[in-house]
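Student: I should like to take a close look at a single part of this structure, namely a sheet. Would you please describe how it is built and what surrounds it?

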Amino acid sequence: MGFEERLRRIRGQAPDPTPATPAADRPALVERLRRVGVGRTADRTTGGIPDEGALANALGAECLAPGVLRLERRLSGGRGHERVLPTGMTAWGDLPWGEAVLAAGLFDAQGPDAGAAGDWLCLDTETSGLAGGTGTWAFLTGVLRADGRQWLLRQYLLTRLDAEPVYLDRIAAELTRPAALLTYNGRAFDAPLLATRFRLANRADPLDGLPHLDLLGPMRRAFARRWPDCRLITAESRLLGFQRSGDLPGAAAPAAWLGWLRRGETAPLAAVLRHNRDDLFSLAGLLPALVGVYRDPAAYGADCRTVAAAWQRRDPTRALRILAANRQDLDASGLHDLARLYRRAGDWVQASGIWEALAARGDANARAALARYCEHHRGDLTRALLLTQSLPPGPERERRQTRLRVKLGRERPAGQLELAIEPYSTGT
Amino acid sequence: MPDSGRLPAAPDQAVSRLQERLTTRYQARISGALVRPATPAAWLDLPPELAPGLAAALIARGVPRLYAHQREAFDLARAGRHLVVATPTASGKTLCYNLPVLDAVLQAGRKALYLFPTKALAQDQVAELTELGRALTAAGGTGIRAYTFDGDTPGDARKAVRTRGDLVLSNPDMLHQAILPHHTKWAQFFEGLAFVVVDELHSYRGVFGSHVANVFRRLRRICRFYGVSPTFIFTSATIANPAELAQRLCGEPVTAITRSGAPQGERSLLLWNPPVINPDLGIRASARSQTTRIARMAVKSGLKTIVFARSRLMVEVITKYLKDVFDKDPRRPPRVLAYRGGYLPSDRRAAEQALRAGRVDLVVSTSALELGVDIGALDVAILNGYPGTIAATWQRLGRAGRRLRPSLGVLVATSDPLDQYLVRHPEFFFDASPEHARIHPDQLLILLEHVRCAAFELPFRDGEQFGAEDLPEMLSYLRDEGVLQRQGDQWFWVADSYPANAVSLRSVAEGNFVVIDTTGGAQTIIAEVDWSSAPGTIYVGAIYMIQSQPYQVERLDWPGRKAFVTRTRADYYTDAIDYTRLKILDRFEGRASGTGAAPGGVVAQGEVHLVRRYPGYKKIRYYSHDNIGYGNIDLPDQELHTTAVWWQAQPAALEALLPDRQQAIEGFLGAAYALHHVAALRSMAELHDLGRAVGDGQGTWFAVTGNDGRGHLRGPDNALVEESAVARFEPTLFLYDNYPGGVGLSAPLYDAAETLVRDARGLVAGCGCSGGCPACVGPVLPGDAQRAITPRAATLRVLGLLEGSCAADAAADHGV
């Protein structure tokens, strides 16, 4: 009994009512499978066999090796990107790279001056699926870099599965040091996927150890609470005003590639290449935009508090400036951040002003801060004790109370203390 | 009864005194007694070439030398030989693998993967390894990094496990779904992998074992990619074929170490059958009443005691009864403790500590304490019911017996046929283990799923092997399905999916059902039901039990594989009525049945096609077991193509022995009932892993026990068939593998057919009832015992015929 027949039976279908041909007379299984295969996957024949030459023509790409196409363009911007994109090297080169990198706060490996503009490149891959694991391919890898006043776009497309080693070698050649990567979600997605592909092909991972600036993190920090999501398509539309037309959604990429592999379809692949190009140009445009966001978050509708928090360690002055400029929009935790920055800057007047205002609204943390302030800076031990007494009960309050009583040098009997416990109000 | 609890004797004498009291007072209830004499320890020195620090650490932990089997394991592992250690509980099995593994980690920076069937066991092991690691650092050596990797491992910790772990402790499901499909992330780990340790080997049998054997094929394939070939170290409870099973699992020859060098005190085992309280119906006193009685006597004698029960509910019931005796005073610390799955981990850890410290006199547990959880040793183990396998029985009994001190085990039989059979056959416990753990890694569906997963992990190359089937044919099949593409000499994965997620190691067919609790509006998944058992368990109206909480099935989404249930307080449970029709498709081989002088039939094996119909279900009240109503089941017929073994009686011989066809049918149904139970015992299977049926083999009629309790013949359309209307009356008794395609359960049954028939006949002949009872031939009707030929007698004649012993002898032997 053949494999397929056995499988069919096991899966619970009733046995074939027609008497089976005696095993000896049956054609070999492979032969039967071939016949069945032709009948079953009729779509394979309708589209025809993958024709690499035709695909290269349709895309305007060159064939680097059997199974590897490259599309290379020098452009001043992608469709619709001209308006929003800084043109080439000048604009990108003028970018305060150190600042951008600092703001992203994502990579400490690289000093602020590491990224000379020419070394940075935008990287984006299209994959055969989102499931991850060793069975997922990165069939298209796009690289965009500044080139004089223009942009140089290179897209590598894998058109035959057994050509992956050559394809990967070409990509590795793009990524030679001192390259630095700019991606969108590349740390979690593109980089590990490429690492897997290089490992499977027994090759060293060229991305390993490269400086890598992933814009998704800083984008999320600035906009997670302002936008419904922080996908690239959302970011480019909100920050760059770029609207894609006729875009093939990223989720359709796997089907497009499989359509090529199985049936030789070329049109959907062309759409994937356009999608990849748009992603890359948006990425290039988003970097200066994001630098702007981190300079002046309010102007972009970003979250001032989280942006300031990102600056807090490296550039507290800037963090303070951002928060102070947007004080009227801050919530309690934002105001606390601001007060803390004032305090660190030695501006106790501003800091205590904020705490007073918060304490008036019943904020216990502000009372605790005020109590510390009164005790250590103003020397107003009585007020410090009153403030402390109004704090929520706990060991911290007890310690502080005891210490303050000792300092006040007038341990009062418990009964008298009771009288002193009153709800705090700004008037006292 | 004298209250000896006040002045407990020294435990040594207390154990023998308790045994003496039990045997003299309850002689009639003890159907067998076994004494295993004490064995002294067999010691060998620590290996001289151990990693620096390791010997010192061992000595610091009180291990200045090794038991013989530990040293033997070390030497084999060091030489790169796959091995399995199958020695009794508490014989120091973990050191058998920890020693060679730690040595390789410390000397050569190698790595090891430990696999445990459950998460809890892995966590216990990490605790032990951490202590060893501390001893190592205290002895001036480098430490070891042992991490668990399971579903609970947080995402940010996983990278550290992959890149920094010397030892990774996980389970086969994680290996299958998380490690192998992401092997490149584990590249560093695989490149250093020297050992794969598989604990509790005996639990890898049947469907689960067949899957895991394929997971190991994938593992070895990935290892080849990284240029390593790790040594497998298995440990097992005592089963009949540890080396064979290990070999089937890892695909290479495995050496077995079965002789333990650990010392053991004298061990006694009593087989205890509760007294018959209704001889007509063969009803015995409950096992529970006997268990609590023995436990009371043991604790009052000052002996630390463990009681094993088969269900969580029974644990709670027995605990309550014993607490009523021993923990009446709430001001005193409790002497009785329950331990089972479902408790919070922290509660379980506290209980384990109390046990180790000896603060508790009696613990009542499910199988949760059967595996390697460290609770110290106790004096008496009482098993409330046969645990299902001899191996598990010994594992549980092994909980009693501190080094060189005598211990006592008591197996209390319930009224289940298996219990009744075993309690009358002490030889099962006394001789070498009769249990063969079987797997069938080349089962077509299982194999195909793993070829799929393997193709995802690495492209197949022409000429590669994977399993016993023709690999290129399977790859071609997958190509035609659209998931593979062939280019050059390789087969590449090209689908947008992650195949391991669709394959559960615990079932055969794809598409398990999930049970969703909709009580209170929310939807919570509370269980998963195997595709093949779904129609009989989660039909609309069914009562589905989880941890003895009943749920009622409200809606069944068959194509979506979902059953929606709500909590209920129903005082009944449901039992599906099923009609099974079998048709023989292909007879592989056959022979005359039995070894006697007068063969009365044939036994054969082959492939069968099975149609199961579920017309309705019965509602049965708890305790009284009254049938209180019926419901309809509206489901399509279930079809199953599987393997089976079958027996047929010679029509003429049958007619001579049982001229009444009605009685012949009853005899066959009773024989099927008895054979089903003894076959489950032999094949280490659960009862539901096997199915039974009586029909004529060509699907023209099949026999069922009707609502009136009598056997009837029914045709393919389920209509009644008159026995007399059947032209050629040739009843056939089937035992079939209850999984699609078969998982290899039926072939060993064919090989052991004579033994099975003999065992079945022994089960029925030795039963204490008069006309038949659920402990031998299945439920009988009142009045059957008075019939000239009782169901039991008819069953014995059929079995006698199949056994080939002379029919007249059979009749004379049993006075019918």
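**The open sheet of chain B**

Tutor: In chain B, seven strands (DSSP E runs of at least two residues, numbered from the N terminus) form an open sheet with mixed pairing, in the order β1-β11-β18-β17-β14-β16-β15. The edges are held by β1 (30-36) and β15 (336-339) of chain B; each has a single partner strand, so one side of each is left without a neighbour in the sheet. From one strand to the next, the twist averages 15 degrees. This is a predicted model, in which local features need pLDDT of at least 70 and side-chain atom pairs count only at pLDDT 80 or more, while totals for chains, interfaces and linings use all residues. Residues are numbered from 1 along each chain as its sequence is written, and chains are lettered from A and ligands numbered from 1 in the order in which they are written.

Strands of a sheet pair through backbone hydrogen bonds, either parallel or antiparallel. Strands count as paired if DSSP finds at least two bridges between them. Strand β11 (residues 267-272) of chain B pairs with strand β18 (residues 407-412) of chain B in the parallel sense, over six bridges. Within this pair, B:Ser268 stands opposite B:Leu408 in β18(B).

Leaving aside residues up to four places away in sequence, B:Leu411 touches B:Leu269, B:Leu271, B:Trp272, B:Leu383, B:Tyr386, B:Thr393 and B:Val423; a contact requires C-beta atoms, placed from the backbone, within 7 Å.

Helix α14 (residues 390-397) of chain B (a DSSP run of H or I, at least four residues) lies across β11, β14 (305-309), β17 (380-384) and β18 of chain B. Helix α14 of chain B runs at about 145 degrees to β17(B), where axes are lines fitted to C-alpha atoms, for helices over the stretch in contact, and angles run from 0 to 180 degrees between N-to-C directions.

Key. Two residues are in contact if their C-beta atoms, placed from the backbone, lie within 7 Å.
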